[in-house]
Amino acid sequence: MRDTFLPYGRQWLDEDDVQAVVKVLQSDYLTTGPVIAEFEKAFAQYVGAKYAVAIANGTAALHAACFAAGIGEGDEVITTPITFAASANCVLYCGGTPVFADIDARTYNIDPEEIRKRITGKTKAIIPVHFTGQPCEMDKITELARKHNLIVIEDAAHAVGADYKGRMVGGISDMTTFSFHPVKHITTGEGGMITTNSEELYRRLLLFRSHGITRDKSLMQGNHGPWYYEQQALGYNYRMTDIQAALGLSQLKKADRFLARRREIAEMYTRAFTDCPGLIVPYQQDGCHSGWHLYMIQVRLDRLSCDRRKIYEELLQENIGVNVHYIPVYKHPYYQDNGYQAVTCRNSEQFYERAITLPLFPKMANQDVQDVIRSVKHVLERNGK
Ligand SMILES: *Cc1c(COP(=O)(O)O)cnc(C)c1O
């Protein structure tokens with residue numbers, strides 16, 4: 001057993017990140033200065049999108065994308081239950097209705113066929129989530145969206161650096177959202193980004209981020225004088241600071257190195273666990289490369305004499321910081337109390353019963369990885385039947 005607790009995820013900051021932040025602290029602009037623009041430009045370039053809008057956090061990114069998509073009362077938006085609540089909450093913020101489509105039992109991502117079954121005359125958008133970092137089946141989702149005139153907002157909080165059929169996640173759909181929370185690929189403390197190739201959506205995202213206010217003369221209806229600005233929509237103060245953007249820019253330089261290490265660790269796990277009878281390793285679809293935000297195993301209840309909870313608790317006792325991603329969103333009391341009691345997504349619920357998230361972050365040492373492997377094997381063997 002380890003003598004220190006190993007968390008499931010954490011940031012990696014070095015002295016150059018600290019210096020980048022200090023430089024902004026000593027400059028003229030703490031917020032909405034030149035570093036925001038620099039970070040946006042570099043991020044857009046990294047994911048192969050025309051535009052990027054830095055924003056307060058990943059949840060605000062989703063909220064902004066729903067606003068820009070024009071989601072409102074009476075609109076339905078299809079998403080997955082196996083995600084962080086924010087992927088559905090953003091629809092509620094705009095007065096729309098989230099509709100849950102079940103996952104594919106192999107990839108754990110939203111199943112395009114299940115999306116198709118839930119499209120109605122009210123459906124306005126789809127929010128696929130690249131769960132664990134593995135890209136969703138974007139060809140099929142894009143085709144459905146084209147056919148039914150739907151907007152696609154990819155939640156890529158797990159998928160910085162992932163690619164799908166030769167294209168980076170971030171430049172594929174109408175909009176893609178990212179999070180820079182400390183457990184994600186790169187961090188700004190709190191932070192997020194929306195990428196798009198549409199100038200029109202880009203303008204709406206900028207408005208929404210700052211109160212719905214523009215100072216761009218070419219976009220204004222009136223002009224009372226040099227002081228004049230216009231509020232054209234009901235936006236929020238969702239701005240990111242230059243302090244955060246400096247950290248993001250510094251972190252982005254290391255994104256490829258971080259990702260390579262995530263992939264290396266995932267490979268070590270898969271190699272160690274492939275022949276392990278008590279668990280199922282994550283299936284990876286051809287034609288894409290995961291961002292490996294999470295490494296999820298499913299325990300095989302048919303090979304164990306206990307449930308997932310016992311395995312989980314015993315791993316915690318071994319100082320392995322396991323986690324479970326996610327409780328199906330509609331199972332939360334808020335959703336149960338607001339019209340979702342009748343929803344059942346069989347694959348999602350089955351996945352939830354068996355899933356365990358193992359520690360995975362770039363700063364993990366090989367010894368940490370070996371500790372996890374040893375503990376998982378040990379706990380599974382002890383509870384085998
Ligand atoms: C982290 C996360 C978010 C929210 O990002 P925050 O920056 O924490 O607001 C949204 N969706 C998914 C899938 C996430 O993992």
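Colleague: What makes the pair between an oxygen atom of the ligand and the side chain of Lys184 a polar contact?
Modeller: Keep in mind that this is a predicted model. In it, an oxygen atom of the ligand lies 3.0 Å from an N or O atom in the Lys184 side chain. The cut-off is 3.5 Å, so the pair counts as a polar contact.

Colleague: Which part of Gly58 has a polar atom 2.7 Å from the ligand?
Modeller: The backbone: a polar atom there is 2.7 Å from an oxygen atom of the ligand. Asp155 uses its side chain, where an N or O atom is 2.8 Å from a nitrogen atom of the ligand. Both pairs are within 3.5 Å, so they pass as polar contacts too. As for how covered the ligand is, it exposes 380 Å² when taken alone, and the protein buries 92% of that.

Colleague: How many residues surround the ligand, and which are the closest?
Modeller: There are 15, and the closest are Gly58, Thr59, Asp155, Ser179 and Lys184. To get into that shell, a residue needs a heavy atom within 4 Å of the ligand.

Colleague: What kinds of residues make up the shell around the ligand?
Modeller: It splits into 5 nonpolar, 8 polar and 2 charged residues. Gly58 is one of the closest residues, and glycine goes in the polar group because that is how the classes are drawn up.

Colleague: Which element gives the largest share of the shell?
Modeller: That's helix α3, residues 58-68, with 3 residues.

Colleague: Where does the ligand sit?
Modeller: In the second largest pocket. We say "sits in" because more than half of its atoms lie within 2 Å of the pocket's grid points.

Colleague: How do you know that β6 and β7 are paired?
Modeller: Count the bridges: 2 of them join β6 (residues 163-164) to β7, and the two strands run antiparallel. Pairing takes at least two bridges, so they qualify. In one of these bridges, Asp163 is partnered by Met168 in β7.

Colleague: Which order do the strands take in the sheet with β6?
Modeller: It's an open sheet of 3 strands, β7-β6-β13, with antiparallel pairing. β7 (167-168) and β13 (288-289) are called edge strands: each pairs on one side only.

Colleague: What are the edge strands of the open sheet β12-β14-β15?
Modeller: They are β12 (279-280) and β15 (355-358). This sheet also has antiparallel pairing. Between β12 and β14 (residues 295-299) there are 2 bridges, so they meet the rule for a pair. Leu279 has Val299 in β14 as its bridge partner.

Colleague: What is unusual about the phi of His211?
Modeller: It is positive, about 65°, although His211 is not a glycine. Most residues other than glycine have a negative phi. You'll find His211 in the loop between α7 (199-209) and β10 (213-214).

Colleague: Why is the peptide bond from His325 to Tyr326 called cis?
Modeller: Its omega is near 0°. Most peptide bonds are trans. Tyr326 is in the loop between α10 (308-317) and α11 (333-336).

Note on methods:
Residues numbered from 1 in each chain as written. Predicted model: local features only at pLDDT ≥ 70, side-chain atom pairs only at ≥ 80, totals over all residues. Heavy atoms only, no water. Polar contact = N/O pair within 3.5 Å; in protein donor to acceptor, adjacent residues only side chain to side chain. Areas by Shrake-Rupley, 256 points an atom, 1.4 Å probe, with all protein chains shown as cover. 1 Å grid on protein atoms, 1.4 Å probe; cavity = no way out; pocket = protein on both sides within 12 Å on 5 of 7 lines; lining within 4 Å. Helix = DSSP H or I, 4+ residues; strand = E, 2+ residues; numbered from the N terminus.
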